[in-house]
Amino acid sequence: MRARIAPACVGAVVSFTCTLLFPALAHAAGEPLEQHAAPPTAAASQLPAPIRVSASRVEYYGDQALIVARGDVRLIEPDGSVVRGDVFVMNLALRRLLVAGHVSLQSPAGEIAGAAFADFLVFRRQYFVPLEPDADRWTFFDYDYAQPKKGRQMPGDAFSIPDVSASKPYIVGKAVTIDPSTYLRMTPATFVLLDGALWTIPLPPYTYNFSSNPHFGVNALPGASFDVPYNVAGSPVSLDAIHFRYDQTLPVTTYWALEHHTVFGQGYVVASLSPASEPPKQWNVLTYDRLSPDSALRLNTQLFTYQSGLSQPLSSSGYADMQYNQGIRQSALLVDLTQSYASLLAQPALGFYGDPSHPWIPNHPFDAGFQWQGYQQHVGHTGFAYRLTTGYGDSHDGYGIDASGQQQVSSYYGAASLFTPTIPGPFKTGINAAYTITQTYLSFPNIVQEQITTATISRRVTRSIVIIGSDVVTSATSRTDFSIVTPNQAMGVVPLPNSTNGLPVVLGPFLRATDRAYGLTTVWTPSPEFQFSMAATQSNYSPQQIPNLAGPPRYQISGDVRMRLTRVLFLDAQRAYFFNWGGQTWSPHFQILITSQ
């Protein structure tokens, strides 16, 4: 009770003092009121940072974007001045803070005592209620404490202390570093989960990133069944995290990984290492820069090694893929260059490294692709729409491409898609259909064709329930099994990792195949905090549907649930049931992800 009463008492004292000093009807005619509704200037929008706070207890309330500290509060402002008091409150949404109760302000101009101190960070204005020599109202501009503007009217809510007694914090610690627009770093970090039912032990410092920059959310890690990130460091332009992961498809199912984000202007660099604790490692770097409103550049690199720690690897392979996108009138151009290496190590005398399971493979193809893709266009006033794509690619490898032995192979391809408008159906349903055909000519020679026809019928049964029925027919043909295996997106083949042989996935071990899948999906969203979807699928695959070899399971049901764990964390879980297809009941791979809001 004492912890809850103290802020209320301090708030009452501050409110009473402010009432005496700033009566709403007592300010002189013509005396300007502080107004902050107008947008700040360019100079003022550059927020000062960081802010450091220590206290007996520091709490972060994620649902209200509030930081509250109580007991022996010590605040270090961006300019280095120190403010002490009983209570600290910072509103991250408004980017303003206050200290109240037995306030002491220490700056190069000296030390002064008062009842309350507030800092409106965006506007670089500080407000102070001194008690010596007399109670007054002072305003400072840009941390110039040597020149107070005495008697100036202040905003009415400058010293408002919110009531958080009915809320539960998300993170609790004893010290916090705050960048008002990007992150907070709590030390130590105790997490309050399940609406206060579960408190973790004090953990190492945790950085919570709340930046509006979407580039902090770019993921460079490979897939896993279970992933929990722990942000260990951050700045206005960077974020470093350790990921605790589980993947039942790996020899060692539990491991940890590393991920780093750097953001700049309209671009980013994201690097990852996974697993970091096991010999088979995958090193990824994703780079993006928006050069102009109509152009962008990407550089994606992947390195695969087998090594204990950072010792000499027994195998090392990888690729670098650079993409340039240029928007033109009603279409876009993509230039994609890829350099791959099957082995980055020197050739061993025995032809392998360590043991025959790590052979030396000399191939190092260079792939260059050019693609034009039109935007979706309407067919007159019919409601139908179409999209066209075409391109050219060239692959060169002195050691031979695929099993053909040819050192250079070219590809020409085109694709067309047709979309119907939403057609009213029976029982208040909506019907949509789409058809896509892609044909690629490879100079091996080989001709590959893929066709996809999709028809859906949907209805919103209630405000929270949507039912979708679908019929998807996928067919493909290939004259030979020669293709180009590459991550290049503009070569006209199915890129890695979607296909391991460059051919349409539906083919499997055949050169001609068709899969027809009937689906029924139900999505239930009773609230923004919870969503559950279930999809039932029947697949008919030809020429022969063979478990674990050709075609998908004949029957399967998959479920996905997304729910709020805390006010800022969500749980996403997925799994499928295969009805004993090839001896499989539950899918061998499931996924559980914990993500921030």
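1. Let's start with the surface. The chain exposes about 30100 Å², and carbon and sulfur atoms supply 60% of that area. Keep in mind throughout that this is a predicted model, so every value here is computed from the predicted coordinates.

2. Now the overall build. The secondary structure comes to 1 helix and 35 strands, so have the strand numbers handy when you look around. Along its principal axes, the C-alpha trace spans about 95 × 70 × 50 Å.

3. What share of the residues is tucked away? Of the 597 residues in the chain, 39% count as buried. As for who touches whom, take the contacts with a separation of 6 or more: 48% of them come from residues 24 or more positions apart.

4. A word on charge. You'll find 36 positive and 40 negative side chains here. The centres of the two sets lie 7 Å apart.

5. Back to the surface for a spot worth colouring in your viewer. Nine names to pick out are L291, L297, L299, M322, Y324, V335, L337, F366 and F370, which form a nonpolar patch. Together they have about 690 Å² of accessible area. Which elements give two or more residues to the nonpolar patch? They are strand 19 (295-306), strand 20 (315-328), strand 21 (331-341) and strand 22 (366-374).

6. Let's zoom in on one member of that patch. M322 sits in strand 20. Why does M322 count as partly exposed? Its relative accessibility is 37%, and partly exposed covers the range between under 20% (buried) and over 50% (exposed).

7. On to the salt bridges: the count comes to 7. One of them pairs the side chains of R57 and E59, at 2.6 Å from N to O. The two partners have their own settings: R57 is partly exposed, at 34% relative accessibility, while E59 is buried, with a relative accessible area of 4%. There is a third name to add, as R57, E59 and R70 are linked in a network of salt bridges.

8. Next, have a look at D157 and R96, whose side chains meet in a salt bridge of 2.9 Å, N to O. D157 lies in the loop between strand 8 (149-150) and strand 9 (171-179), and R96 is in strand 4 (residues 96-107), so this pair ties together parts that are 61 residues apart in sequence. Are D157 and R96 buried or partly exposed? D157 is partly exposed, with a relative accessible area of 39%. R96, at 18% relative accessibility, counts as buried, because the cut-off for buried is under 20%.

9. Another salt bridge joins the side chains of R124 and D142, this one at 3.5 Å from N to O. It links distant parts of the chain, 18 residues apart. R124 is in the loop between strand 5 (110-120) and strand 6 (125-130), and D142 is in the loop between strand 7 (138-141) and strand 8. Both ends are partly exposed: R124 has a relative accessible area of 24%, and D142 has 45%.

10. Stay with D142 for a moment, since its backbone deserves a comment too. Phi of D142 is near 55°, a positive value in a residue other than glycine. A65 gets a similar remark: its phi is positive, about 55°, although A65 is not a glycine. Where is A65 found? Its place is the loop between strand 1 (51-61) and strand 2 (66-76).

11. Last, check the peptide bonds before two prolines. A cis peptide bond joins F444 and P445, with omega about 20°. P445 is in the loop between strand 27 (429-442) and strand 28 (446-460). Further along, S542 and P543 are also joined by a cis peptide bond, again with omega about 20°. Here P543 is found in the loop between strand 31 (530-542) and strand 32 (555-564).

Note on methods. Residues numbered from 1 in each chain as written. Predicted model: local features only at pLDDT ≥ 70, side-chain atom pairs only at ≥ 80, totals over all residues. Heavy atoms only, no water. Helix = DSSP H or I, 4+ residues; strand = E, 2+ residues; numbered from the N terminus. Buried < 20%, exposed > 50% of the residue type's maximum accessible area, 1.4 Å probe, protein only. Contact = heavy atoms within 4.5 Å. Areas by Shrake-Rupley, 256 points an atom, 1.4 Å probe, with all protein chains shown as cover. Lys, Arg positive; Asp, Glu negative; His and termini not counted. Charge placed at Lys NZ, Arg CZ, Asp CG, Glu CD. Patch = residues over 30% accessible without salt bridge, like charges linked within 9 Å, V, L, I, M, F, W, Y side chains within 5 Å. Salt bridge = Lys/Arg side-chain N within 4 Å of Asp/Glu carboxyl O.
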